[in-house]
Each structure stands twice: as C-alpha cells, then as structure tokens.
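Student: Can you walk me through this one? I'm new to reading structures.
Tutor: Sure, have a look first.
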Amino acid sequence: MLNKVKKIIKGIAIEIAFSLFFSSFFIFSVYFLFRDKIYNSIFLINRLIVVEKNTETEDKEISFDSVKKRLVHYPYYGEVWATIRIPKVEINAVVYHGDTLDILDKGVGHFSGSYFPAEGGTVIIDGHNSPSQFGRIPGLDVGDNIIIEAKYGTFTYEVTEGKIMKATELEKINIQDDREELVLYTCYPISAIGYKTDRYVIYAKLVGEEYEN
Amino acid sequence: MKIKTLLKYVVEFIMSITLFLFISFLILKTTVFNEHYFISQLDKNNYFESLYETVNKNMSYYIVQSGLTKDVLTDIYTVNDLKKNVKDSIGVLYGKAKTEIDTTAIKKRLEDNIKRYLESNSNLVADDNSLDMFVSKMMDVYVENIELSNTIDTLAPKFTKLNAVINTILIISFILVALSFAYLTVVSKRGRLSVSIMTCGILLIVIYFFFNKNVDVKNIVFYNDAVSNIIRAIFSNILKLFKYTGIVVLVFGFIFTLKRQIRQNRLKIVKIR
C-alpha cells in the first residue's frame, strides 16, 4: 500500500516537473525572442497612466536654485504655485500649474510648456475673461505692474505691450529661453456673447525679484 | 531516447502551448472583442451617466468665456440620447457601418435655450456669428466626447484586423489541440494530457502576474474619467479571468494527473497478482 502511494506521488511529481519545465521553456523562449516587443507594449500601455501628481515632487517644497536659475522641485500638474496680483485692474488670482479647461474652471493656469518666473524665459499664464480672472486685463497700459507671488519668491513685471490676436495665432507666441518675459492672455472681446475667436494678450518684462529664504 | 518518446514530449509541449493560446484568445474574444460584453460593461460601470456628466462639464467650460449662463445647457440632451449615440459609435469597432452622430435635435434645443435667455436678458447684445460658433462648438464637444476625438474611428480598422487575426489563431489552435489530443490518446497511448493541461494553467497564471506587476491598471487615465474607468474595469476583468481560468485549469490538470496515477498503479497491482 505504501509502495503504491509512493509510486503515485512520484508519478505526480514527475508530471508536475514536466509541466514546470514546459512552461519555463516557453516563458524563456518568448522572453528571449520577443523581450523588446513585450516591454515596448508594456511601456505604451503605461503611457496611458497620466501622473496627475508627480510622485517624485508631490511632497517636496518648491524651491529655486539661483545658480542654475531653475526650480529644484517643480509643482505637479494642477498644483497652485503662485498668486498673481495686478493692482491697476484689481486682479488677485491663484495660479495653477497647467492650463486645461478643468484647471481654468478653478483659476488662472500656467502653460506647462513655458518657464517659471526667474528661470529666464517666457512665462505664459492664461485665464478666462471673467472679472475674477483676466476679464480686466484689456484695461492695462504700458508701464503697469503685474506681481507674481510664487512659493519661492515675489516677481514684479512691467507691461510692455497689449494686443489682440486670433486664437489660432497663439502659437506665434515664442517661448524665449534667453530673456524673461511674462505673457498673459484671455478670450476677447470680453463682453461679447457666444464663442470668442480672439485673444487679448499682455506682454511684460521682469523689473524686480525677491526670493524667499 | 526513442523517437516515439521524444515525439510524445514534443506533442505534449505543442498541446500545452496551443491550449494556452486557445484559452487566452478565447478570453479576449469573449470580452473586449465581444460587442455585447463591451456594452454590458459600459452599463455595469455607469459609463453613460459618467459620460453625461463629463459632456456637461466640458460644455460648461465654454460657458464662462461665452457670456451665457449654464442654464442654456439645461436638458439639451439626455443620458438615453448619449447611450444611443455611443452604441452606434462603438458598432464601428465590431464591423458595423459608421453612423454619423445626428445632433440636429440637441442643436435645436440649445438654440431655443439661448434664444429664451437672450429674450429674458434684453440688455445683452449678441452677435449671430459668435452664437452660431458657440452652438457649433458645443455640438463638437458632444460628438468629440462620444467618439473620443476620433479615437474610435482610428481604432476601428486595427480592431477589425485584430479580430480577424484572433479568429484565425482560435481556429488554428483549436485544430492543433484536437490533433495533439488525438495523438496523445489514440496513437501514443501513454501520452500525458495532464502535463499539457497543467502547463497551460501555469502559463495563464503567469500572464496574470506579469501584467499585474508591470501595468499600473488602477492608475490608467485615458481621455476622461468615464473612459478611464471603463478601461480599468475591462483590463481588471480580463486579468481576473486569466487568473481564475488558470487556477481552474491547473486544478483540473492536477486531478487528471492524480486520477491517471491511481489508475496506472492499480493496473500494475492487478498484473502482479
């Protein structure tokens, strides 16, 4: 009886061993033959995963490296990183990183492909034409101040130009990397009813900077 | 090693792989490549209600810049309108002819709402051209959210082609499984079906663990919340199917082995006596 049981166990073990050998052989064959294709596909699937909160920076404070002229930790998409104040037209709005319609519903948005204040390039911020956002920027004149109070410092800009352009021409706004410039824009005409195809654009230059300790 | 024994091992291996392919593609065929399953998942995961909210939200983004109020969007379409349009739109993936989304009624309701709003706010001056563009933009938002900005149309030819490839693989693998089965049970009487079945079970479970480890399913975000939820749900369902089918197949293979060993040993005992 014991012999019989031993034989049964041995038989089962052999068959399990064969199964493991077959599956390992198949897995390793597939791995060596299609490794690149498999990992490329996995990479493509994972690209669908949008990191709304950048896990590397979400808990780190936004700070500025004055030597490299770069932020040490960037805000995550959708994070409030500054307040914009325009005393002349009484605008005081929080600035989010990113400018999707979802974000603009909450406040003004910083175009994520542009620079941050003090990084030495073009900073683009856009908002709706409601009074709480950028609805009053057509009231600005050359020389008026715009103040951005960021988590790492306060930056004062002076308006250099205000102009109307087609929404389709917005791509003409060059993102400079050799001189600091602030660009604000909103839908125009402000008081018209219906879909607005124009944009009111304000250009400003950096005139003052003060860093947080 | 005798050629017959070697051939038996090769056939066992072929049967393992073809059975694995057959079950894997059958899982895909009955889930993501099955229109009925797809629609049922949309219903089960409240896709239509969620999409209704998303379309409303996306339309309302344009309200702020338009100078109108959200009231103009009230009751311009229903969840059932969306449901019908989504079903028509998805049909393209499953070989049905493309149906253009008819927004005439929705457009009419929106225009009426705007007209009523302007009548009750006579101080507002509206430019017909801007209003037409606004209405047209709202219809674009509606259609884009249903067709996922043309993603469905772009995907349709690839999806149909993939479906045909899956059908071919299913037929070929079924034939190979049947031939291997016949060889192992009729020609080579000592063939071990259980080895092939257990190998297939192990591979199905490996697939589950591989994707579970390498793909962050819970965080997949595509297009909007409604679509992301449905992708997550279907992906998780398919992975679960791989896991549970793998376990069932593995257990079945083990029982088969046990039964075979008991039978074999009993036979030997009878012979000894």
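Tutor: Start with a term: helices (H or I, at least four residues) and strands (E, at least two) are DSSP runs, numbered from the N terminus. From the N terminus on, chain B then reads α-α-α-α-α-α-α-α-α. This is a predicted model, where local features need pLDDT of at least 70, side-chain atom pairs count only at pLDDT 80 or more, and totals for chains, interfaces and linings use all residues. Residues are numbered from 1 along each chain as its sequence is written, while chains are lettered from A and ligands numbered from 1 in the order in which they are written.

Student: How many helices and strands has chain B?
Tutor: Nine helices and zero strands.

Student: What box does chain B fill?
Tutor: Its C-alpha atoms fill roughly 110 × 30 × 25 Å, taken along the principal axes. The radius of gyration of chain B is 28 Å, while a compact globule of 273 residues would have one near 19 Å. That radius is taken over C-alpha atoms, and the globule rule is 2.2 Å times the number of residues to the power 0.38.

Student: How much of chain B is buried?
Tutor: 28% of its 273 residues. Buried means 20 or more other C-beta atoms within 10 Å of the residue's own; exposed means 12 or fewer; partly exposed is in between; C-beta atoms are placed from the backbone.

Student: Which residues of helix 3 of chain B are buried?
Tutor: Among them are Tyr47(B), Phe48(B), Leu51(B) and Tyr52(B). Just after this helix, Gly67(B) takes a positive phi of about 85°.

Student: Why should helix 3 of chain B span 28 Å?
Tutor: Because it has 20 residues (47-66), at 1.5 Å a residue. The expected span is 1.5 Å times one less than the number of residues. The end C-alpha atoms are 29 Å apart, which agrees.

Student: New topic. How many residues does each chain bring to the contact?
Tutor: Chain A gives 33 residues and chain B gives 41. Two residues are in contact if their C-beta atoms, placed from the backbone, lie within 7 Å. Helix 1 (residues 2-47) of chain A gives the most to the side of chain A that touches chain B, with 17 residues.

Student: And the cores? How many residues has the largest nonpolar one?
Tutor: It has 40 residues, and Ile84(A) and Val95(A) are among those with the most contacts inside it. A nonpolar core is a set of buried Ala, Val, Leu, Ile, Met, Phe, Trp, Tyr and Cys residues joined through C-beta atoms within 7 Å. Strand 9 of chain A supplies the largest share, six residues.
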